[in-house]
Amino acid sequence: MEMKKNKYIVLAIVLSFLILALPNISKSVVSSPSHRYHVSYAPILTVVSMPENVTPQFLGCRHTTNPDKNWVNGDPLEELTVNELSWGYNVVLALDEDAVAKWGIDYSVRAVERADESLVAQYYKDLRIREIVTYTSDNSIEWMNPDYAGGQPSLYDEAYNLFKNKFNEGTSIIIVVTGQETQDSYIAGLAPDFSIVGSNTMIMVRFQVYFVDDNLVQHEVSHCFGCLDHDETVDVWCVMAYKEELLYIDWVEEDGNWFGPYNSYVSRSYLFYHYCESCDVILKGSSGHGFGGNPMRLWPVPL
Ligand SMILES: [Zn+2]
Ligand SMILES: [Zn+2]
């Protein structure tokens, strides 16, 4: 009898613990953090061995040169000092020391200026790099995306805190390039959800390969103008489309450079520059944001 009573006491204690724990369980489910950033995933590009004595065009090939490409003097770097339209969006381009070492300032400027060709040609949106800054990112930071960092420091938050004041100085969009590897290195790009140009539109990219990098920047910048991702199930060709295309022993040719041959699935967002109808409506409607003033060029700040 005494044993039974003890059993009931133990059972009651266990039950009361469970009951006490319940609100915490349900609360943690309810308050699971909503994602604040759009994520672009790094393409996994598997290069297949090149058969000997085969020139690229005899394997499959994809031509991904931007049809709206119209580089000033044949080099996108020239567009750093040239206004392609009478007005544009003021951009601050920031590179951490790892990005400077891996890709350099010129490559990064070219990637941004390659990224705005369709935006210029079709939507009169000219990205103007008004300032280039370099900074040293904290090597102990293990995450890029604040959504994944679980309260730990992230490269995005670090850069945002460093550069958010730029928005008070008339900056429309801040483009941060990081070369630092993190636990979430499978992320190639981040853009804020609920973007307001000139207010919170800082994007962060980690370059992948030349033919991808312009699309990557264009995709993230398009989020700043209100475009949303189309998930894999949406069968549209759009720079916002995650639907994947199989590159089957395909070379990729862009701007006269050959890449591959690849045997990989690649998101359409990395192969295409134009927009679907729904994005077209958004881009036409968002032209009033972030109106730029007179351009000025600031020289890169030394490390
Ligand atoms: Zn996206
Ligand atoms: Zn679209």
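## Two sheets and a buried helix

Four bridges tie strand E2 to strand E8 (residues 244-254), and the two run parallel. Helices (H or I, at least four residues) and strands (E, at least two) are DSSP runs, numbered from the N terminus, and two strands count as paired if DSSP finds at least two bridges between them. One bridge you can look up is His-63, whose partner in E8 is Glu-253.

A quick word on what you're looking at: this is a predicted model, where local features need pLDDT of at least 70, side-chain atom pairs count only at pLDDT 80 or more, and totals for chains, interfaces and linings use all residues. Residues are numbered from 1 along each chain as its sequence is written, while chains are lettered from A and ligands numbered from 1 in the order in which they are written.

Here are the two sheets side by side, with angles taken from 0 to 180 degrees between the N-to-C directions of lines fitted to C-alpha atoms (for helices, over the stretch in contact).

| Open sheet, strand order | Pairing | Edge strands | Average twist from one strand to the next |
|---|---|---|---|
| E2-E8-E9 | mixed | E2 (60-63) and E9 (257-267) | 45° |
| E1-E6-E7-E5-E3-E4 | mixed | E1 (37-41) and E4 | 20° |

Within the six-strand sheet, E6 (residues 187-192) and E7 (residues 202-205) pair in the antiparallel sense over two bridges, with Gly-189 standing opposite Val-205 in E7. H3 packs on this sheet, touching E3, E4 and E5, and its direction makes about 145° with that of E3; a contact here is two residues with C-beta atoms, placed from the backbone, within 7 Å. Helix H5 (residues 155-163) also lies across E3, E4 and E5, along with E6 and E7, running at about 135° to E7.

So what does H3 pack against? Its buried residues meet strands E3 (89-96), E4 (127-135) and E5 (173-177), plus helices H2 (97-102), H4 (117-123) and H6 (210-224). Those buried residues include Val-109, Val-112 and Arg-114; buried means 20 or more other C-beta atoms within 10 Å of a residue's own, against 12 or fewer for exposed and partly exposed in between, with C-beta atoms placed from the backbone.

As for confidence, pLDDT (the predictor's confidence in each residue, from 0 to 100) averages 84 over the protein chain, and 82% of residues reach 70 or more. Residues 17-32 stay under 50 and have zero contacts beyond four places in sequence. Residues 287-303 are also below 50, but that stretch has 33 contacts beyond near neighbours in sequence. Where pLDDT is low, don't read the predicted coordinates in detail.
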